[in-house]
Amino acid sequence: MNGEQLAAALMRHGLDEAEGARKRVLADLVLEHFSSLIGGEPAVALWIPGRIEVFGKHTDYGGGHSLIAPVPRGFLFVARGRDDRMVTMADAARGERFGIELARSPAGSMSESSPAGWRRYAATTVHRLDRNFPGAVRGADVVFASDLPPASGMSSSSALMVGLATALVRLGSIETTREWQASIRGPVDTAGYYACIENGMSFASLTGDAGVGTHGGSEDHVALTCGRAGHVSAWRFAPIQHVAAAAIPPDWMFVIASSGVAARKTGAAKDSYNRLSFLVRGLLELWNASEPPQPSLYAALASTPTAVERLTALISSRSAADPAALDLGNRLTHFRNEDARIDDAVQAFRSADRDRIGALSDASQSDAELLLQNQVAETVALARAARTLGAFGASSFGAGFGGSVWALVARSDAADFSARWLTEYRRAFPQRDSATVFLAPPGPSLTWLVQGG
């Protein structure tokens, strides 16, 4: 096993050739770190990408639709089982290491002294698997590295959790257990379960816990595990259902700019992120208290032709006593607008309609700024600069409050556009020296490179 072989396997699954050269370097780094730290060769190796959310900002946890695709950057994991009850993790790029002892998992929410940053996501993953599949999780040595910009809104935290969980499931043959087979019937269920590890919800018979403290949906996990190279895919959530896919027109290219403003979902930023989820929950509770109960906001809005008018009236009836009524109204408007863009966007990709993509992306960006209010000056400026510089579509994506912006340009102009976009941004925000821009043709989703045990 070497870096060249792992990179070649990824290119066979649809990774762009230029990115293949980057993955060889990444794989060599991970393998060398494993050899020096652990010794010998790993038993498994896998790739897990980040994701781009083309449309569908904050719709998934309301049962709505999203248009998503894997990006060509992400995490490479290698791992091998141990004979004890320790899971060790090492970040080969940062030189950081962390150990998690099995069967020492907190039963409730994590305390202030619990691990922080990526370690919190790793510990949450290990402990949830250990509780849901008692005795099946093996000790393991895991080494990983990522070429995603950190906290950039491309689901690096979810990718870390999915990669670790996937490796541990394979090493422990957890998919053969009675508990797994009773609740998880295929890749879509697997994505849904991994989302529940993160948000703490139960999945079928697999009991939940506190998760990492964020109340998101399953969009990220579906994109990471079920995406398709060279395509955008439309999904509906709660429950997860594949709706449609469209090939990227051959003369189009995604370009992604990471703003350098960390889009974190931990610490103080967690409250801002969760607020948007709580507003959707509030809308559903308002509906269910007065109308036939529904499992999601999308289901409520689809339950009757007059649902929007009824829910709007319920919001208005609270306005005198509840200062949050305006927020609920804005959240409802945003959800409806953004959800409706998905089908139009699929058709625009299929017909290579640049003007339609431009109109949809401009409206999506405007709604994020005015209705979601989850944008920062940097992401607003990036989206506007992309359009000024010739992109026929551009919008921020992800949780917001920082992160990244996608642009769509002619493939022949992509390299020149990327350089001009980054130059313009750094001129406007010289303090954001960690900002990056890269070409992002959608690559493979979760890919097994070596499947030992």
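Hi everyone, let's start with one residue: threonine 125 lies in helix H3, which covers residues 118-132. Before I go on, please keep in mind that this is a predicted model. So, is threonine 125 buried or exposed? Threonine 125 counts as buried, at 0% relative accessibility. And what does threonine 125 touch? Leaving aside residues up to four places away in sequence, the contacts of threonine 125 are Met161, Leu164, Ala165 and Ile197.

Now to the nonpolar cores. The largest nonpolar core has 75 residues. The residues with the most contacts inside this core are Leu67, Phe77, Met89, Tyr193, Phe254 and Phe349. Which helix gives the most to the core? That would be helix H4, residues 156-171, with 10 residues. If you'd like one residue to click on, try leucine 67. Again not counting residues up to four places away in sequence, leucine 67 touches Ile52, Glu53, Val54 and Phe55, then Val232, Ser233 and Ala234, and finally Ile342, Ala345, Val346 and Phe349. There is also a second, separate core of 21 residues, and Leu279, Leu283, Ile315 and Ala325 are among them. As general background, nonpolar side chains tend to be buried together in soluble globular proteins.

Next, the empty space. How many cavities of 30 Å³ or more does a search of the whole structure find? The search finds 2. I'd like to show you the second largest cavity, with a volume of about 60 Å³. Its lining is made of Arg275, Leu276, Leu279, Asp327, Asn330, Arg331, Leu371, Leu372 and Gln373. Three helices each supply at least two residues of that lining: H8 (268-290), H11 (325-350) and H12 (354-372). By type, the lining residues divide into 4 nonpolar, 2 polar and 3 charged. Leu279 is worth a second look, as Leu279 belongs to the second core and also lines this cavity.

Last topic, the cysteines. The disulfide count comes to 0. Cysteine 196, for one, is in no disulfide, and the nearest cysteine sulfur, that of cysteine 226, is 14 Å away. Why is there no bond from cysteine 226 to cysteine 196? Because the sulfur of cysteine 226 is 14 Å from its closest cysteine sulfur, in cysteine 196, and that is too far for a bond; the cut-off used here is 2.5 Å. As for accessibility, cysteine 196 is buried, with a relative accessible area of 8%, and cysteine 226 is buried too, at 17%.

That's my tour, thanks for listening!

Technical notes. Residues are numbered from 1 along each chain as its sequence is written. This is a predicted model: local features need pLDDT of at least 70, side-chain atom pairs count only at pLDDT 80 or more; totals for chains, interfaces and linings use all residues. Side-chain values use heavy atoms; hydrogens and water are left out. On a 1 Å grid over the protein atoms alone, a cavity is a set of points where a 1.4 Å probe fits but cannot get out, and a pocket is an open set with protein on both sides within 12 Å along at least five of seven lines; lining residues have an atom within 4 Å of a point. Grid points are joined across faces, edges and corners, and a volume is the space filled by probe spheres set on the points. Helices (H or I, at least four residues) and strands (E, at least two) are DSSP runs, numbered from the N terminus. Ala, Val, Leu, Ile, Met, Phe, Trp, Tyr, Cys and Pro count as nonpolar, Asp, Glu, Lys and Arg as charged, and the others, Gly among them, as polar. A nonpolar core is a set of buried Ala, Val, Leu, Ile, Met, Phe, Trp, Tyr and Cys residues joined through side-chain atoms within 4.5 Å. Buried means under 20% relative accessible area, exposed over 50%, partly exposed in between (1.4 Å probe, protein chains only). Contact means heavy atoms within 4.5 Å.
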